[in-house]
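Please open the model in a viewer and keep the sequence panel visible. The tour below proceeds by selection, from the whole chain to individual side chains.

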Amino acid sequence: MPVLSEDSGLHETLALLTSQLRPDSNHKEEMGFLKDVFSEKSLSYLMKIHEKLRHYERQSPTPVLHSAAGLVEDVIEELQTAPVNNEEKELLQLLSTPHLRAMLVVHDTVAQKNFDPVLPPLPDNFDDDFDEESVKIVRLVKNKEPLGATIRRDEHTGAVIVARIMRGGAADRSGLVHVGDELREVNGIAVLHKRPEEISQILAQSQGSITLKIIPAVKEEDRLKDSKVFMRALFCYNPKEDRAIPCQEAGLPFKRRHILEVVSQDDPTWWQAKRVGDTNLRAGLIPSKQFQERRLTYRRAIGTQQNPKIVKKPL
């Protein structure tokens, strides 16, 4: 096998490995699988991007100027206030094109490292009714995606409690909101006397920065364990047609023969799952195996009672 040099990139390494694959009698299927994987164009493109990024990290380039757009504005102003020849006129037209100016704005953004969203300062008028140690101010940034949390009202205390955290959602990624937390305010709006539907509507309509005032739940031993259960769906499911689901927007639709990855079975009635191969990283609610079996048994019993003359035929 040829020897690789230290300068060989990952793409060259995989290409060389592909050329050295020789199927034998014992591992023909495995070797064929590896050869197909390494021959994919998408993997080749990813490896090339990886090499470019590593080359960029080794060079560590620094911008000559952090405000190229401002310099262009000065040049345009200088050219417009004096007579220009043909070359200067062409330069003025080039610098005035929207594409070039947009590119310079992107250059300045990268040079100044303005990547993260800018959050407004925290409000100073906190309520004095809460104990300072028991209240937590959480600020999340989300786009058009759901927050990824469901709420419920405690029947005894009337408090609004976080009932479920959807895996992969904005609340789960932040690591700041947990099941059992008591929700007091959303963007400065008190939610103690609001219905859960009204609170969900406030959360859905909020874009960008969301400030939550919560009372953390009593810390217990972590019961959430990553589940690696994969199941093949034996039926089609549409959460919009399921009246029993606690939140239809949080449901995960799927069709028969879809492969589902169950990521949480903490709730005995509603599991959290993702479709294998789906680009959406957020999990959704599906009926648990036990709950779905009970529903089917109940429906069959009701159907038998309504049609007593039906004789069951052996399958």
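**The whole chain**

Begin with the protein chain in cartoon representation: its secondary structure comes to nine helices and ten strands. Please bear in mind that this is a predicted model. Next, colour the residues by burial; buried residues make up 27% of the 315 residues in the chain. If a surface is displayed, its accessible area comes to about 23,600 Å², and 55% of that area belongs to carbon and sulfur atoms. Among contacts with a separation of 6 or more, 53% are accounted for by residues 24 or more positions apart.

**Helix 4 and helix 6**

Select residues 68-80, which form helix 4, together with residues 98-112, which form helix 6. The axes of these two helices come within 7 Å and cross at roughly 140°. Helix 4 and helix 6 are therefore oblique to each other. Now show the side chains at the contact: helix 4 supplies A68, A69, V72, E73 and I76, while helix 6 supplies R101, L104, H107 and D108. By class, five of these residues are nonpolar, one is polar and three are charged.

**The loop at G158**

Move to G158, in the loop between strand 2 (149-153) and strand 3 (160-165). Which residues does G158 contact, leaving aside its neighbours within four places in sequence? The contacts are with R153 and L192. To view the second of these, select L192 as well: G158 and L192 are 34 residues apart in sequence, yet their C-alpha atoms lie 7.7 Å apart in space.

**The aromatic residues**

The count of aromatic pairs comes to three. One of them is formed by F235 and F254, which are edge-to-face, with 5.5 Å from centre to centre and 65° between the planes. The edge-to-face label follows because planes over 60 degrees apart are assigned to that class. Both F235 and F254 are in the loop between strand 7 (229-232) and strand 8 (259-264), and the two residues are 19 residues apart.

With the two rings selected, compare their exposure. Is F235 buried or partly exposed? F235 has a relative accessible area of 29% and is therefore partly exposed, since buried means under 20%. F254, by contrast, is buried, with a relative accessible area of 6%.

Finally, add Y237 to the selection: F235, Y237 and F254 form one aromatic cluster.

Note on methods: Residues are numbered from 1 along each chain as its sequence is written. This is a predicted model: local features need pLDDT of at least 70, side-chain atom pairs count only at pLDDT 80 or more; totals for chains, interfaces and linings use all residues. Side-chain values use heavy atoms; hydrogens and water are left out. Helices (H or I, at least four residues) and strands (E, at least two) are DSSP runs, numbered from the N terminus. Buried means under 20% relative accessible area, exposed over 50%, partly exposed in between (1.4 Å probe, protein chains only). Contact means heavy atoms within 4.5 Å. Accessible areas come from the Shrake-Rupley method with a 1.4 Å probe; for residues, only the protein chains shown count as cover. Axes are lines fitted to C-alpha atoms, for helices over the stretch in contact, and angles run from 0 to 180 degrees between N-to-C directions. Angles under 35 degrees count as roughly parallel, over 145 as roughly antiparallel, 65 to 115 as roughly perpendicular and the rest as oblique. Ala, Val, Leu, Ile, Met, Phe, Trp, Tyr, Cys and Pro count as nonpolar, Asp, Glu, Lys and Arg as charged, and the others, Gly among them, as polar. Rings of Phe, Tyr and Trp (its six-membered ring) pair if their centres lie within 6.5 Å; planes under 30 degrees apart count as stacked, over 60 as edge-to-face and the rest as tilted.
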